[in-house]
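Dear colleague,

Please find below the structure that I am handing over to you. My notes on its cavities and on one of its sheets follow.

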Amino acid sequence: MTQTFRESSEHLQQKIKQLEAELKNVKQSYEAKSGLFKHLFRNAKNRTQDNLSVIDTDFTLVEVNNNQLKQIGKKRADIIGQKCYKAIYGLQKECEECIVKDVVASKKANRFLKSSEVNNSINFEEKLINPVLNEHGEVERLVIESKDISGYYQLVDKVGQRDDFFKNIFESAGDAFLIHDSKGNFLDFGSNLPSLLDYKKEEFKKLRIDDIDDPTYSIKFDARQQQMKNKDHVLFETELIKKSGKRIPVEASATLIPLQGERIFFVSIRNLEKRKVAEDKLKISEKRFRTLVENASDIIMRFNREYRFLFVNNATVKLLHIEKKEFIGKRNEDIGFPKSLCEFWEREMEFVFQSSEINVVEFSIELNGELKYFDWQLIPEFDDNGKVATIMAIARDITTRKLNEKALEEAIKTKDKFFSIIAHDLKNPFNAMLPIVQILKENHTHMKQEQLTSMIDLIDSSLKQEYSLLNNLLEWSRAQTGAMQLKTEKIKVRELVDSNLLLHRVKAESKNIEVKINSETDFEVLADKYTAETVIRNLISNAFKFTNIGGTININIGEKNGEIYCSIEDNGVGISTENQQKLFRTDTNCSCLGTLDETGTGLGLILCKEFIEKNGGSILVESELGVGSKFTICLPKAT
């Protein structure tokens, strides 16, 4: 075998010389991208040394530039639609060196060397094939850039240093190269390869392919050779074994060189360690990003320029109860959203596509019978040309915030109206007192005792009303601002009732009102004594105020549903249905005169509701106009 190789070395060198231009550009070939179609033809006029042609995957010629036409001496109309190998080279089948099918299969750009006989001399062309993908990611066209490199061969022939020139190409490119036979024996290699694997040159000469190649995650040596029976080139990734045993990832491009019955392989090798580290970091980053997106509580979607869904996260599926696959490729209107809302969404997305700016809007939509409010952030995503290609849409549920804002707005309006009512009520007693005081000031020396007593009684009544209103207003404001601190303790309800009835004994006697108390046992509640007593006092006071002379008040204390209730029922004037709706509201005044023209502040029942609810209880009113009223409070039972 060694003698055979030595005898064939001159032929091997000649074959290698024919491939030098291809090897020179191997590094650039792996970095070629498929999107060169427009770029190449756009700049063709400024690159007169290059021939450009476009073919489909069946070798049919679709387009050529003027340089190509000039070289072959034909008109465009005569060759468009023909097979490229026939139109350009006059062949009946594809060129032997052609790698179009490989490019179609890999979807990656690649180069090859084409030789042809022109005027009894060999012409060499370096051909770069760039795949152009359609929207489905399949190869639709191939752009072929041809460059005449015959001059390079002539130059190297004259210098007589083809071997050194060949090696220097790869040494300067930074890639390693290796030449081996079909048994894996090394025939030659560049200095970069031993250096990459931490071997000395003399050590490396003694090795074979299986000493440095670990095909565990790649193509085994025998399988590579089998693949190359039908084609002379294969591109693959594998792991090389360093002297220390450490594995390093590499990209290998192997080319078959048949030589007098022998199979010689030229392999260029590129270290992928840095790229693999970057890829691993990118995978981790993408995984983290996807985890965040999929577990986010916000709705996250991606749209293309046709407003079609490209992605939705789990929150979208959970909220809308629609599977992810039902979204992809569809527009909002296809999903069944309201037309007006779809038009609004598309209008806002179009603004982002046109302006390249983030857009934030709000919208509402009814979902599962409930009106939901969303804050919608539209974020532009740019392609390599700086144009907006897609939009990331993030919708955050702000329903609670919106409802709170509306409630706050309503509360502010209510309190504004309440303060207006209070201001009016505070003013009324003074309107009554000021004229009386003025009369007393001017005529008190001439007035009879009866007149003086009557006027003083009016002033006294007005002042008491004013004091009661101010006192209730103070208590209410303390409850509203949180200044009131509740001290929860066990309280006997009957004792609260009895003590407050004593305060109203004079009123009961003056109106001849009978009070009946029905209490099965001495019930205890868990509440703040001060606020509970205020509630009982107000309710008893109202009962006396609105009960007719000779009427009856019934007070019942009992237990129901784990709570203690106390109901105070009178057979007085009663309350209309309309006024019952106003009793506990701050935005309206529902103060009426008693049966003996007793006045009220309008704040008593409002305070009762505030205080009962602060103690974890409730208050209920039942009334019929002309029949009477029944107010029932419920408080937690003391255990």
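There are seven cavities of 30 Å³ or more, a cavity being a set of points on a 1 Å grid over the protein atoms alone where a 1.4 Å probe fits but cannot get out. The largest holds about 180 Å³, a volume being the space filled by probe spheres set on the points, which are joined across faces, edges and corners. It is lined by 18 residues, and His180, Ile209, Arg224, Phe236 and Val267 are the closest to its centre (lining residues have an atom within 4 Å of a point). Strand S9 gives the largest share of this lining, four residues; helices (H or I, at least four residues) and strands (E, at least two) are DSSP runs numbered from the N terminus.

This is a predicted model, in which local features need pLDDT of at least 70 and side-chain atom pairs pLDDT 80 or more, while totals for chains, interfaces and linings use all residues. Residues are numbered from 1 along each chain as its sequence is written, and side-chain values use heavy atoms, with hydrogens and water left out.

Turning to the sheet, five strands form an open one with mixed pairing, in the order S18-S20-S21-S23-S22; two strands pair if DSSP finds at least two bridges between them. Strands S18 (514–519) and S22 (618–624) are at the edges with a single partner strand each, so one side of each has no neighbour in the sheet. S20 (residues 552–560) and S21 (residues 563–570) run antiparallel and are joined by eight bridges. Within these strands, Asn556 lies opposite Ser567 in S21.

With kind regards

Terms used:
1 Å grid on protein atoms, 1.4 Å probe; cavity = no way out; pocket = protein on both sides within 12 Å on 5 of 7 lines; lining within 4 Å.
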